[in-house]
Amino acid sequence: MNVVNHPIRRSFVFFLVPDFTMIAFATALDPLRSANRMLGYEAYRWRLASIDGKPVRASNGVECAVNTSLEDERKKMSGPERPNMAVVCSGINVERYQNRSTFAWLREEYNRGVAIGGLCTGAHILAAAGLLSNKRCAIHWENLPGFSEAFPKANVFADLFEIDQNIYTCAGGTAALDMMLKLIGDDFDDNLVNRVCEQVLTDRVRSPTDRQRLPLRARLGVQNSKVLTIIELMEANLSEPLSLIEIADHVDLSRRQIERLFRTEMGRSPARYYLEIRLDRARHLLIQSSMPVVEVAVACGFVSASHFSKCYRELYARSPQQERVDRKQLLVA
């Protein structure tokens, strides 16, 4: 087929942030290449950009060359090379990224009608740019606690991906593939999506609301439905922990039955397990946010900072303050 007979449907700019996640970037980009191949013409075009036009190192250590800088992209904004979609590719250490030029560029693109996307932890940068207030969005489950505290106006979900008007976000990993297949399907049809799926050896497009993480049953190796229900209750009530009596009422068991079940299935008491998942959330908040330790304590259901610090030290062999110091030293190294 002659390319000129087929208009380009979309053009993309993938903006690479240091420590971006390679798997999310690759599974977002390659479906576009496959779609072009299946169609026999270039329906999708893309270019890669970085803040200064220099190569960007992914979190796996691979350096990726780019085509343009942020300055170049600003020049293209008002001309025929303006993209249809700008996609932020980020990954670990996203909390460190504070670049006002990037935030301003994203806002300008959005205000000109360009769709804005975020892969993996990209929602963090979109929110920092002021683009996610009252918007549905998705982010990797590991970053969700810190994100929720840092950006309370964003409607974040532990979904694979979210599309809210002109904002596209996904949780990273292979969820980027699902989001791009949805986009390709909207542009063309299910037949093209199925052909692309066959090329990349995946048997289906997952729903946006499919789980990011393994179900509790598989993740914990627990089969007892009552124990799983109790754990789900605990995970849903971390800032204001339920009492064992309240949990017992929810699942129609006695306190003694719950104690016995947890000793058998989890190897610890329900109170100990509840404490551990609250401390795990606290650890994520300490690493991912700049919240004062006392606010982290409150957010995880502790009545005082001193009690929180005591429990934290017992589990992790270091204080919450030392956790944060160690994290900062790791980032600087």
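## Strand E11 and its hairpin

E10 and E11 form a hairpin with two residues between them, and Gln165 in the turn has a positive phi of about 55 degrees. The model is a predicted one. Strand E10 covers residues 161–164 and is joined to E11 by four bridges, with the two strands running antiparallel. Within this pairing, Glu162 has Thr169 of E11 as its bridge partner.

E11 also pairs with E7: three bridges join them, and these strands run parallel. Here Gly118 stands opposite Thr169. Thr169 is thus named in both pairings, facing Glu162 and Gly118.

## Side chains of E11

In a regular strand, side chains alternate between the two faces of the sheet. In E11, Ile167 and Thr169 point one way, while Tyr168 and Cys170 point the other way. Residues on both sides are buried.

## Nonpolar cores

The largest nonpolar core has 42 residues, and those with the most contacts inside it are Phe12, Phe14, Phe25 and Leu119. Elements giving two or more residues to this core include strands E1 (10–16), E2 (44–50), E6 (85–89), E7 (115–119) and E11 (167–170). Helices H1 (22–39), H6 (175–187) and H7 (190–199) also contribute two or more residues each. Apart from this core lies another, of 30 residues, among them Ala49, Leu126, Leu144 and Phe147.

## Surroundings of Leu119

Beyond its neighbours within four places in sequence, Leu119 is in contact with Ala24, Phe25 and Ala28, and with Val87, Val88, Cys89 and Ser90. Its other contacts are Cys170, Ala176 and Met179. Of these partners, Phe25 is also listed with Leu119 among the residues with the most contacts inside the largest core.

How values were computed
Residues are numbered from 1 along each chain as its sequence is written. This is a predicted model: local features need pLDDT of at least 70, side-chain atom pairs count only at pLDDT 80 or more; totals for chains, interfaces and linings use all residues. Side-chain values use heavy atoms; hydrogens and water are left out. A nonpolar core is a set of buried Ala, Val, Leu, Ile, Met, Phe, Trp, Tyr and Cys residues joined through side-chain atoms within 4.5 Å. Buried means under 20% relative accessible area, exposed over 50%, partly exposed in between (1.4 Å probe, protein chains only). Contact means heavy atoms within 4.5 Å. Two strands pair if DSSP finds at least two bridges between them.
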